[in-house]
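Ready for a little practice at reading a model? Work through each exercise by eye before you look at the solution.

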Amino acid sequence: EDGGVGGSGTPMAEEQSFQTISGEERWVVKHKRRIVSPDGRRWLITALFDITGRKRAEIALKQSEARFRALTEMSSDFYWEQDKNFRITAMSTGGEKSVGLDSQWHIEQEWAAHKAILEAHQPFSDFTYERLGREGDKRYLSISGQPTFDAQGNFTGYRGVGKDVTEAKVAEARIQYLAYHDSLTALPNR
């Protein structure tokens, strides 16, 4: 019997977990190879490698990703990522891909100040910009972001969160209007 090992010296590898006497879970990878010596005897060579550290890291990463995914899906806010050219590459809400934020910005001075922060690779909070919604209506989004870097320290883009603040902006504009206009005649106050 070859114990599940392929013929002709084909190596097989399988991961296996077990509990130690102390109750600790350990992981190993078993490498098996069947060989036949020139005199016809069959040999099964097995090598075990402890991969417990790697498996624990994989499990922790999967749990972290699942936790992050669940939180972003439950949130009314959205998550976004940009590449080093400031183009949107991912949005948790299924937004448009490869759209730079400057293509939706309408107040040049404020956009220029924000772009200077981006080009300096600085974090930012609560940057509000205007864009057109799917039905052509005005939407206001407030975003916060952190720059990202690769292992060598090279800038790779931004990632952050955002929220739709349209209702608050509309209410603010309505309050501003009512402060300076008569509610009955809609004429400007003195």
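Below are three exercises on aromatic rings and the charges over them.

This is a predicted model, in which local features need pLDDT of at least 70, side-chain atom pairs count only at pLDDT 80 or more, and totals for chains, interfaces and linings use all residues. Residues are numbered from 1 along each chain as its sequence is written, and side-chain values use heavy atoms, with hydrogens and water left out.

**Exercise 1.** Find how tryptophan 80 and phenylalanine 124 pair.

Step 1: Rings of Phe, Tyr and Trp (its six-membered ring) pair if their centres lie within 6.5 Å; planes under 30 degrees apart count as stacked, over 60 as edge-to-face and the rest as tilted.
Step 2: The structure holds seven aromatic pairs. In the one between tryptophan 80 and phenylalanine 124, the centres are 6.2 Å apart with 25° between the planes, so the pair is stacked.

**Exercise 2.** Is tyrosine 158 buried or exposed, and how does its ring meet phenylalanine 124?

Step 1: Phenylalanine 124 and tyrosine 158 form a tilted pair, 5.7 Å centre to centre and 50° between the planes.
Step 2: Tyrosine 158 has a relative accessible area of 1%, so it is buried (under 20%; exposed is over 50%, partly exposed in between; 1.4 Å probe, protein chains only).
Step 3: Phenylalanine 124, at 8%, is buried as well.

**Exercise 3.** Which lysine lies over the face of tryptophan 27?

Step 1: A charge sits over a ring if NZ of Lys or CZ of Arg is within 6 Å of the ring centre and within 35 degrees of the ring normal.
Step 2: Lysine 55 lies over tryptophan 27, at 4.6 Å from the ring centre.
Step 3: Lysine 169 lies over the face of tyrosine 140, at 5.8 Å from the ring centre.
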